[in-house]
Each structure stands twice: as C-alpha cells, then as structure tokens.
Amino acid sequence: MKFSIKSIINPFKKHISFSNFWVRNSLIIVILSILSNHLFEQKNNPSNKDYTFPLFPIVVSIISGIVIILIARFNFNYFKGKYFTKKINTEILMHFLFSTLGYITLLYLFLYFGLNGLINGIESYSIYHLLKGLSVTILICTLTIALLFSIDIYKLHKLISTEGIIKVKQGGKITLIKYSEIAFLYSENKIVYIVKTDGTAIITDFTLNEVESKISEQNFYRANRQTILHLRSIEQVRSIENGKLSVLLKPTISGKKAFQINISRYKKQEFKNWFKNKL
C-alpha cells in the first residue's frame with residue numbers, strides 16, 4: 001500500500017474549515033499578547049536588567065483575546081442571521097461594531113474590577129489606568145474586528161449588489177443569469193451545468209471552484225465536490241446510513257432522473273446549520 005503526504009493531509013483538511021479561523025487568529029492573539037506585554041510595560045522590556053518573562057500577563061491576554069473573538073463571532077453570526085442577509089449599510093455595520101465593543105467593554109470592566117482586584121487588591125484601582133487600558137483595548141478590538149470580518153461582510157454584501165449575477169459564455173454569446181433564477185449547479189464529466197428554476201440546464205465554461213468564489217455563500221451551499229445548491233432546490237432531506245444525509249433536489253431536468261445527493265457525516269452539522277438558518 002502506497003502512502004503519500006497528500007493522502008495524509010487531504011482527510012485532515014476536511015476537518016479544518018472552521019478550525020482555520022481559530023488557528024490563524026489564535027496565532028495572532030499569541031503574537032499580539034507577547035508584543036503588547038513587552039511594549040507597554042517598562043518593567044517587561046528585555047533590556048531591563050531585572051527582566052523576567054511576563055508569563056502570567058501574557059496568558060491572561062491570550063485568554064481575554066480568545067474570549068473577545070468568541071464575543072465578536074457570536075455577535076456577527078447574530079447580525080448575519082437577522083440583518084446582514086437583508087440589508088448591509090453603514091448604520092447596521094456601526095450597530096454591529098458598537099454592540100460588539102459594548103460587550104467587550106463589559107468584559108474589560110469585569111476583569112479589571114474582578115480579577116485585577118482579586119489579585120492586586122482594591123488599592124490597585126485607578127481611573128487613569130482604567131481609561132487608558134480600556135481605550136487601548138477598544139482601539140485594538142476595532143481594528144481586529146475590521147480585519148476578521150471584512151471579507152465575510154463583503155461576501156454578504158454581494159447579495160444586494162449588482163454582482164448577484166453569473167456571466168456564462170456560450171458560443172460567442174454572454175448570458176446573464178440572476179441568482180434568483182438558479183436552483184443548483186452540478187458537475188458531470190468535468191462540465192458544470194447551471195440548473196434554473198424552470199428546469200432548464202445551461203452549460204458553463206468554468207469549474208465549480210470558480211463559480212463558488214463568485215456566488216454568495218449565504219444563499220448557496222457547496223454540498224460536495226459535484227454540487228452547489230440553493231435553498232429553493234431542496235425538496236426533501238432525510239438521514240441515511242453512516243451518519244449521512246440524503247437530499248432530493250428540484251426541479252427535475254427534462255430527460256433525467258430527479259437529482260439526489262448525499263451530504264457526508266463530516267459536513268452534516270454544517271449543512272444542517274446552514275439549512276436551519278434559511279427557514
């Protein structure tokens with residue numbers, strides 16, 4: 001039996017789509033925690049002859065950073081389900097930002113008056129240090145939130161922009177297909193077809209990976225390597241063997257059997273969450 005690095009990595013990649021977010025941003029948190037605790041505290045300067053590695057403050061910063069990202073992501077998912085799928089404008093974005101910063105401020109005050117008071121005593125309280133630390137925290141969090149969620153917000157924005165169409169080239173002609181006309185897309189013999197809500201199928205000149213980058217992730221879901229579907233294409237969902245899901249699609253294409261695809265057990269929960277949020 002032959003083994004290769006690729007054969008080992010590929011199964012692992014199936015499980016890291018969500019983890020990538022945390023691995024990437026956890027690394028950023030660790031780096032920022034180390035730098036900030038060395039830069040903003042003179043006693044932690046490596047050039048100081050009495051320098052000791054500030055392990056405890058760094059650990060506290062890392063834990064706080066992870067909690068902050070959890071708060072921001074939870075709030076983003078809330079806005080994503082309630083507001084962003086309908087409208088994205090400056091007012092809603094500011095509402096998201098300030099509500100997130102509000103939660104973070106409450107966390108900061110809790111840590112300052114709770115954890116800090118418990119460790120250093122009530123005499124450590126200082127309005128100056130409180131406002132200074134809170135201001136720096138709010139500034140860093142504002143920049144972090146902008147970096148973390150700007151791409152997701154842009155993708156959602158495509159739902160209500162003029163980019164909500166797919167251009168298909170056919171024999172020198174360009175056909176514009178609106179998102180609202182698409183039921184699902186599938187690949188067969190290396191050719192990608194767009195199935196419209198009226199049951200007609202259109203041959204395209206791109207791959208599923210290419211079209212996946214163009215369409216909205218909020219409306220469409222990459223069910224497997226061969227299929228991208230829209231909520232309107234789902235006729236029936238049922239559980240089958242090995243923890244998989246069987247999804248019956250509509251409409252039926254003339255001359256073909258009804259499309260029935262399987263969702264693997266690895267993507268089952270992800271699909272159910274996506275499906276549930278659309279109902």
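**Exercise 1. In this predicted model, determine how many bridges join E8 to strand E9, and in which sense the two strands run.**

Solution. Begin with the position of strand E9, which covers residues 245-249. Five bridges join E8 to this strand, and the two run antiparallel. As an example of facing residues, take Val237, which stands opposite Val247 in E9. Then follow the chain through the hairpin of E8 and E9, where five residues lie between the strands and Asn242 takes a positive phi near 60°.

**Exercise 2. Find the order of the strands in the open sheet, and state which strands are its edge strands.**

Solution. Start from the second pairing of E9: with E10 it pairs in the antiparallel sense over four bridges. Val247 can again serve as a guide, since its bridge partner in E10 is Ile261. Putting the pairings together gives an open sheet of three strands in the order E8-E9-E10, with antiparallel pairing. Strand E8 (234-239) and strand E10 (260-263) are the edge strands, for each of them pairs on one side only. From one strand to the next, the twist averages 25°.

As a last step, consider how covered E9 is: four of its five residues are buried, and the strand is therefore described as mostly covered, where buried stands for a relative accessible area under 20%.

**Exercise 3. Classify the aromatic pair of Tyr78 and Phe79 as stacked, tilted or edge-to-face.**

Solution. A pair of aromatic rings is described by the distance of the centres and the angle of the planes. For Tyr78 and Phe79 the distance is 5.7 Å centre to centre, and the angle between the planes is 80°. Because planes over 60 degrees apart count as edge-to-face, the pair of Tyr78 and Phe79 is edge-to-face. A search of the whole structure finds 14 aromatic pairs, and ring pairs link Tyr78 and Phe79 with Phe76, Phe96 and Phe149 into a cluster.

**Exercise 4. Decide whether Tyr78 and Phe79 are each buried, partly exposed or exposed.**

Solution. Tyr78 has a relative accessible area of 40%, and because partly exposed covers the range between the limits of 20% and 50%, Tyr78 is partly exposed. Phe79 reaches 2% relative accessibility, which is under 20%, so Phe79 counts as buried.

How values were computed: Residues are numbered from 1 along each chain as its sequence is written. This is a predicted model: local features need pLDDT of at least 70, side-chain atom pairs count only at pLDDT 80 or more; totals for chains, interfaces and linings use all residues. Side-chain values use heavy atoms; hydrogens and water are left out. Rings of Phe, Tyr and Trp (its six-membered ring) pair if their centres lie within 6.5 Å; planes under 30 degrees apart count as stacked, over 60 as edge-to-face and the rest as tilted. Buried means under 20% relative accessible area, exposed over 50%, partly exposed in between (1.4 Å probe, protein chains only). Two strands pair if DSSP finds at least two bridges between them. Axes are lines fitted to C-alpha atoms, for helices over the stretch in contact, and angles run from 0 to 180 degrees between N-to-C directions.
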